[in-house]
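User: Could you take a close look at the side-chain contacts in this model for me? I would like one connected walk through the charged and aromatic pairs, with the backbone oddities at the end.

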Amino acid sequence: MHKPFRTAAVLGAGVMGSQIAAHLANAGLTVHLLDIAAKTGKKNELVETAFKKAVKQSPPIFFSEKIARRVTLGNFDEHFHRLADVDWVIEAVVENLAIKQELMARLEKVIRDDTIISTNTSGLPIREIAKGCSESFRKRFLGTHFFNPPRYLKLLELIPTTDTEVKTLARMKWFGELYLGKGIVVAKDTPNFIANRIGMYATMFAIHAFTEGRYTIEEIDTLTGTIAGRPKSGTFRTADIVGLDTLMYVLANLYPVIPNDESQEIFRVPPLLRKLVETGTLGAKIGQGFYKKQGKEILSINPRTFIYESAKPLDLGNIEAIAKIPDLKERLRTLYQDTSRGGEFFRQLTLHILAYSTRRIPEIADNPSDIDKAMRWGFGWELGPFEIWDALGYERVLADMKAADIAVPEKIEKRLHKSEDIAKPGKIYFPPVTECADDFCLPTSPLTTGINLAALKSDSKNILWQNSEAALIDLGDRVALYEFRSKGNTLSLKVVDGLAIALDIIENGNYRGLVIGNDNANFSGGANLAEMAMLAQTHNGQGIADLIVRFQALLQRIKYFPKPIVAAIVGRVLGGGCELVLACPHVVAAAETYIGLVELSVGLIPGAGGIMRMVTWAADKAASESPQDIQPFLRKVFATIGMAKVSSSAEEGVELGFLPPTTKIVMNADSRLYVAKEEVICLERTGYIPPVERHHIMVLGRQGRAILEHAAAVMQQGGFISEYDNYLANRLAYVMTGGELSTPSLVSEDYLLQLERESFLPLLQQVKTQERIAHILKTKKPLRN
């Protein structure tokens with residue numbers, strides 16, 4: 001059993017150092033962030049300035065503002081002695097080998113003999129950094145290459161040297177997966193390691209296609225974006241975000257240190273990039289790079305004139321139809337086979353990336369799967385290179401490589417073969433390398449606290465019940481999972497009806513309890529607005545009223561269910577999805593959970609118990625049932641719901657009242673279903689008692705409502721909300737304070753639920769609400785009419 005780190009120090013408060021320190025604090029560590037002392041004035045000036053800048057970053061680097069307090073700032077002159085008390089030291093200073101070596105020598109004199117030391121370098125040989133240190137130091141030293149931003153990008157490359165002990169690497173892998181929530185790939189000590197080596201190749205292939213005049217920036221970004229299963233920013237928009245100076249720096253350092261790379265020339269800094277950087281055109285951070293926004297128009301650079309021009313029409317064949325193919329593998333096959341200019345570019349890019357990835361084995365990685373994971377976790381690709389090869393067909397791709405005279409090493413080609421052991425017909429199997437390229441090799445293993453839901457679903461015996469949009473799945477150990485399968489995991493009529501059936505099965509069967517969750521990136525987008533809009537347009541008021549009654553009753557049943565129910569959530573948990581989670585007595589949340597009641601953004605108010613539960617939360621937070629004590633918390637709830645605020649993390653979700661204080665927050669989202677299942681088992685074994693029903697909730701009546709309405713009026717007068725927003729806020733205040741009650745009173749849950757129902761239906765029939773719903777269905781963006 002490994003020992004978790006409790007304290008850490010990050011040396012260097014630059015962009016990466018500050019963000020690594022923040023993520024360690026997110027994981028619960030006490031963190032020291034140190035940098036060089038200022039030459040004049042306050043010695044902490046440099047580190048404090050850097051940290052203040054980092055804290056203001058968007059998206060935020062901390063789960064909540066309070067977590068920033070876990071980071072203690074310091075400088076190398078006055079506070080280096082603090083390192084004697086830390087478990088893990090991460091070096092993230094300037095990319096200068098002599099400076100790093102000098103720091104390591106100084107560090108060795110201070111730290112304990114069991115402290116782990118790592119470097120976050122991306123451009124220097126790991127083995128050289130600790131070269132002058134003792135054998136004991138080198139055994140505990142390795143590379144830990146975080147990807148920017150460390151909080152949000154899953155990949156963490158661990159780079160051992162030949163001196164690194166296996167137990168050091170094993171502990172780092174375990175801690176990185178479980179406590180930091182990372183996808184771990186063990187990389188070789190080679191230039192740019194795995195993800196950046198392959199990613200830079202793909203980037204430069206695309207940039208050369210542009211500079212040679214074969215394709216426009218917009219065409220390349222279209223073909224290297226979501227249509228190919230990659231981030232929507234494509235190639236050039238991503239380069240602008242990263243910074244063109246950063247891109248040139250990486251290339252300038254990479255090119256001279258890979259003389260044996262047969263594709264070395266592709267990494268030479270292009271004249272276009274050099275000129276842009278020399279003229280201060282650095283990308284998004286200064287407002288112009290490959291792209292420049294002028295008014296509402298996005299212009300792109302002309303590589304010959306260096307003038308920003310309007311986008312030309314795409315000449316990519318039937319690209320729009322291909323982009324609409326929902327299944328990624330089918331979409332890739334169709335695009336690969338397309339005979340248009342778009343198909344030709346994608347085909348050539350894909351062949352070269354796959355061949356280059358193949359030629360890098362075992363130089364940068366022992367196994368194809370490591371390259372796939374690195375590209376998925378580090379660059380946001382939905383499929384890695386070898387998974388793409390699998391999807392396109394092994395024989396076809398290999399034949400096309402040979403036809404195009406693209407080299408694949410013979411020893412690698414022999415290893416790429418069809419396997420009779422793979423269940424899926426025709427699936428390509430890339431067997432692992434049996435020998436290591438150097439003296440060090442650590443077998444990789446999946447996260448031990450994960451549940452392979454896809455494997456469970458592949459066996460029909462595990463499907464207890466299903467319809468076209470939901471299923472009840474046996475997780476084993478007498479625990480079941482209710483899984484949404486609707487588009488966007490919305491709470492459609494079929495999902496709601498199916499959940500009622502699932503509860504019947506669990507209550508009447510030999511089951512310990514239920515997990516509600518799925519293996520998607522987002523738990524639920526909320527109610528199915530398209531269904532609601534259709535009911536409203538057909539003036540089916542009774543149908544909507546019946547639906548609200550059913551959904552309210554269903555969530556009340558979940559709240560007080562006789563067996564434990566645990567929600568396992570991740571990503572977006574919005575609107576009705578949030579109301580469902582509010583009803584669940586127990587929650588396991590991935591750290592990256594963004595939860596909120598967003599109904600006002602579509603012209604509605606929460607109608608399935610969301611208001612009732614948040615009012616209850618406000619009353620419970622207060623020191624007493626006195627209106628003066630409750631009012632501040634009620635105002636917080638009013639502002640949270642009224643502004644459709646969504647938490648920036650699970651931690652903030654607890655602070656806002658959307659998640660219970662008992663929520664188990666897991667850093668690695670892949671473990672959430674396993675942890676939720678174990679929670680069900682634990683609750684059942686210890687004698688589960690459901691929550692006590694609430695018959696007395698203090699609401700503040702007309703006087704309390706007046707205070708909330710005044711706050712909304714001030715917001716409207718200040719231009720922060722529209723007139724209709726103010727109207728919606730008044731309806732929200734009406735329900736929150738108990739309707740027409742003249743004085744503060746104790747009311748029941750049913751009383752507040754009825755007020756929600758009575759207010760919801762009239763709003764759905766409002767023209768402005770219908771306009772908001774139609775707009776968000778069409779554009780995916782809220783309308784403030």
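Analyst: Happy to help; here is a walk through the salt bridges, then the rings, the charged surface and the backbone.

Before we start, please keep in mind that this is a predicted model, in which local features need pLDDT of at least 70, side-chain atom pairs count only at pLDDT 80 or more, and totals for chains, interfaces and linings use all residues. Residues are numbered from 1 along each chain as its sequence is written, and side-chain values use heavy atoms, with hydrogens and water left out.

Let us begin with the salt bridges, where a side-chain nitrogen of Lys or Arg lies within 4 Å of a carboxyl oxygen of Asp or Glu. The structure holds 46 of these. One of them joins Arg-138 to Asp-163, with 2.9 Å between the closest N and O atoms. Arg-138 sits in helix H5 (residues 135–139) and Asp-163 in the loop between strand E7 (155–160) and helix H6 (166–178), so this bridge ties together parts that are 25 residues apart in sequence. Helices (H or I, at least four residues) and strands (E, at least two) are DSSP runs, numbered from the N terminus. Asp-163 has a relative accessible area of 33% and therefore counts as partly exposed; buried means under 20%, exposed over 50%, and partly exposed in between (1.4 Å probe, protein chains only).

A second bridge pairs Arg-112 with Asp-114 at 2.8 Å, N to O. Here Arg-112 is partly exposed because its relative accessibility is 29%, and Asp-114 is partly exposed at 39%.

Further along, Arg-694 and Asp-620 meet in a salt bridge of 3.0 Å, N to O. This pair links distant parts of the chain, 74 residues apart: Arg-694 is in the loop between helix H27 (672–685) and strand E21 (697–699), and Asp-620 is in helix H24 (residues 610–621). Arg-694 is partly exposed at 26% relative accessibility, and Asp-620 is partly exposed at 47%. Salt bridges can also share partners: Arg-197, Asp-261, Glu-262, Arg-359, Arg-360 and Glu-363 are joined in this way into one network.

Now for the rings. A pair of aromatic rings is described by the distance of the centres and the angle of the planes. Rings of Phe, Tyr and Trp (its six-membered ring) pair if their centres lie within 6.5 Å; planes under 30 degrees apart count as stacked, over 60 as edge-to-face and the rest as tilted. By this rule there are 19 aromatic pairs. Trp-174 and Tyr-179 have ring centres 5.4 Å apart and planes at 65°, so they form an edge-to-face pair. Tyr-179 is partly exposed, at 25% relative accessibility. By contrast, Phe-267 and Tyr-356 are tilted, because their planes stand at 55°, with the centres 6.1 Å apart. This pair links distant parts of the chain, with Phe-267 in the loop between helix H10 (244–254) and helix H11 (271–278), Tyr-356 in helix H14 (residues 341–359), and 89 residues separating them. Both Phe-267 and Tyr-356 are buried. Returning to Trp-174 and Tyr-179, ring pairs link these two with Phe-5, Trp-88 and Phe-175 into a cluster.

Which residues gather in a patch of positive charge on the surface? They are Lys-66, Arg-69, Lys-621 and Lys-636. Patches are made of residues with over 30% relative accessible area and no salt bridge, with like charges joined within 9 Å. Arg-69 belongs to the loop between helix H2 (45–55) and strand E3 (71–75), and counts as exposed because its relative accessibility is 67%.

Finally, the backbone. Most residues other than glycine have a negative phi, and most peptide bonds are trans. Two bonds here are cis: the one from Asn-148 to Pro-149, with omega near 5°, and the one from Ile-361 to Pro-362, also with omega near 5°. Pro-149 is in the loop between strand E6 (141–146) and E7, while Pro-362 lies in the loop between H14 and helix H15 (368–379). Phe-306 is not a glycine, yet has a positive phi of about 60°; Phe-306 is in the loop between strand E10 (297–301) and strand E11 (308–309). Asn-489, likewise not a glycine, has a positive phi of about 55°. Asn-489 counts as buried because its relative accessibility is 3%, whereas Phe-306 is partly exposed at 26%.

Conventions: Patches are made of residues with over 30% relative accessible area and no salt bridge: like charges are joined within 9 Å, nonpolar side chains (Val, Leu, Ile, Met, Phe, Trp, Tyr) within 5 Å. Accessible areas come from the Shrake-Rupley method with a 1.4 Å probe; for residues, only the protein chains shown count as cover. Lys and Arg count as positive and Asp and Glu as negative; His and the chain ends are not counted. The place of a charge is taken as NZ of Lys, CZ of Arg, CG of Asp or CD of Glu.
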